[in-house]
Amino acid sequence: MKGNMKILFVQPKSSGFMGQISRSGKAGFARVTLTTLAALTPDEHEVSIHDARLSEPDYDEDWDLIGFTGMSCEIPHVYHMADSFRRRGKTVVIGGYHTSALPEEALQHADFVVVGEAEGLWQQILNEISDGGAKHKIYKNSEAIEMRDMAIPRRDLLDLKMYSVPFTIQATRGCPFNCEFCTVTKFFGRTYRSRPVAEVVDEIKSRADRLWMFLDDNLVGDPAYAKSLFKALIPLHITWGPQTSFTIPTDPELMDLYGAAAGPSP
């Protein structure tokens with residue numbers, strides 16, 4: 001395969017309620033997985049992102065590599081699209097939560113799969129494909145990445161008008177709990193990691209936008225870190241929301257700082 005590739009990342013649609021398009025034609029939150037992969041892709045490659053919740057991708061375009069991510073509610077559509085591309089001789093990679101839980105299943109629909117986080121692996125994968133083809137069927141990091149100097153998502157590749165909240169961000173990964181019904185610790189391991197607060201603030205300040213959503217699974221998993229983050233967000237005067245555990249109201253200081261930082265309703 002040629003060194004400079006034409007790469008397509010595809011966001012699938014859900015088979016259930018989550019992630020559906022509203023009557024106004026908008027999706028909910030813009031995801032960060034594919035835009036982060038795009039940011040990790042060297043400039044010599046041409047990268048596009050297609051949101052298949054609105055329309056099917058162009059299966060006949062001359063793509064060199066097609067990448068999918070997907071949760072279990074999205075994986076039927078992922079497999080449908082992946083099979084359609086592979087019938088046309090295209091190279092397909094699948095990652096995400098469902099694939100990380102069932103990589104052998106995903107391999108029935110992909111040339112290779114990524115288990116867990118792609119950071120630290122994506123450059124290796126691209127180099128191998130450019131040099132003739134992926135050397136493995138399953139790629140997996142030996143340890144969790146350090147959340148420092150992270151790639152800033154390529155939001156410029158999205159149609160921002162189609163999202164109710166186009167600006168999303170991550171400050172932490174993982175959760176200190178290990179609930180039997182939850183996939184978070186299965187995906188990230190029983191670790192809780194955080195970005196330097198200053199780097200989170202710098203990413204937000206790089207945009208003029210005032211509405212943000214934290215996509216962390218549990219932003220208050222480390223209360224000391226959360227308090228430091230909330231204090232740093234107060235002077236930004238933005239409106240934002242997180243996902244948190246039900247432990248948040250047990251810490252009055254944390255609740256007060258969250259209220260002070262969250263800003264007015266949009």
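This is a chat about helix packing, cysteines and a few single residues in a predicted model.

Biologist: Start with the helices. At what angle do H7 and H8 cross?

Modeller: Their axes cross at roughly 35° and come within 10 Å. H7 covers residues 197-205, and H8 covers residues 223-233.

Biologist: Is that crossing left-handed or right-handed?

Modeller: The crossing of H7 and H8 is right-handed. On the H7 side the contact is made by Val-197, Val-200, Val-201 and Ile-204. H8 contributes Tyr-225, Ser-228, Leu-229, Ala-232 and Leu-233.

Biologist: How many of those are nonpolar, polar or charged?

Modeller: The contact of H7 with H8 has eight nonpolar residues, one polar and no charged.

Biologist: Why do the contact residues in a helix tend to be three or four places apart?

Modeller: An α-helix has 3.6 residues a turn, so residues with that spacing point the same way.

Biologist: And H8 with H9, how far apart are the axes?

Modeller: The axes of H8 and H9 are 8 Å apart, and the angle is about 25°. H9 is made of residues 252-262. The two helices are therefore roughly parallel to each other.

Biologist: Which hand does that crossing have, left or right?

Modeller: H8 passes H9 in a left-handed crossing. From H8, the residues in contact are Pro-223, Ala-226, Lys-227, Phe-230, Lys-231 and Leu-233. From H9 they are Glu-253, Leu-254, Leu-257, Tyr-258 and Ala-261.

Biologist: What classes do those fall into?

Modeller: Eight are nonpolar, none is polar and three are charged.

Biologist: New topic. How many disulfides does the structure hold?

Modeller: Zero.

Biologist: Why is Cys-175 not bonded to Cys-179?

Modeller: Their sulfurs are 6.4 Å apart, which is too far for a bond. A disulfide would need the two sulfur atoms within 2.5 Å. Cys-179 is the cysteine whose sulfur is closest to that of Cys-175.

Biologist: What about Cys-179 itself, which cysteine sulfur is closest?

Modeller: That of Cys-182, at 6.2 Å, again too far for a bond. Cys-179 is partly exposed at 33% relative accessible area, while Cys-175 is buried at 13%.

Biologist: Now H5. Which of its residues are buried?

Modeller: H5 runs over residues 122-130, and its buried residues are Trp-122, Ile-125, Leu-126, Glu-128, Ile-129 and Ser-130.

Biologist: What covers them?

Modeller: The cover includes helix H1 and the strands S1, S4, S5, S6 and S7. Just after H5 comes Gly-132, with a positive phi of about 135°.

Biologist: Which residues other than glycine have a positive phi?

Modeller: Among them are Asp-149, with phi near 55°, and His-237, at about 55°. Asp-149 is in the loop between S7 and S8, and His-237 is in the loop between H8 and S13.

Biologist: Are those two residues buried or exposed?

Modeller: Asp-149 is exposed at 65% relative accessible area, and His-237 is exposed at 61%.

Biologist: Where is Glu-74, and is it buried or exposed?

Modeller: Glu-74 lies in the loop between S4 and H2. At 2% relative accessibility, Glu-74 is buried. Beyond its neighbours within four places in sequence, Glu-74 is in contact with Gln-11, Pro-12, Lys-13, Ser-14 and Arg-31.

Biologist: Last one, Gly-120. Buried or exposed?

Modeller: Gly-120 is exposed, at 71% relative accessibility, and it lies in the loop between S6 and H5. Its C-alpha atom is separated by 22 Å from that of Glu-104, 16 residues away along the chain.

Terms used: Residues numbered from 1 in each chain as written. Predicted model: local features only at pLDDT ≥ 70, side-chain atom pairs only at ≥ 80, totals over all residues. Heavy atoms only, no water. Axes fitted to C-alpha atoms, helices over the stretch in contact; angles between N-to-C directions. Helix = DSSP H or I, 4+ residues; strand = E, 2+ residues; numbered from the N terminus. Left-handed = near helix turned anticlockwise from the far one by under 90°. Contact = heavy atoms within 4.5 Å. Nonpolar A, V, L, I, M, F, W, Y, C, P; charged D, E, K, R; others polar. Parallel < 35°, antiparallel > 145°, perpendicular 65-115°, else oblique. Buried < 20%, exposed > 50% of the residue type's maximum accessible area, 1.4 Å probe, protein only.
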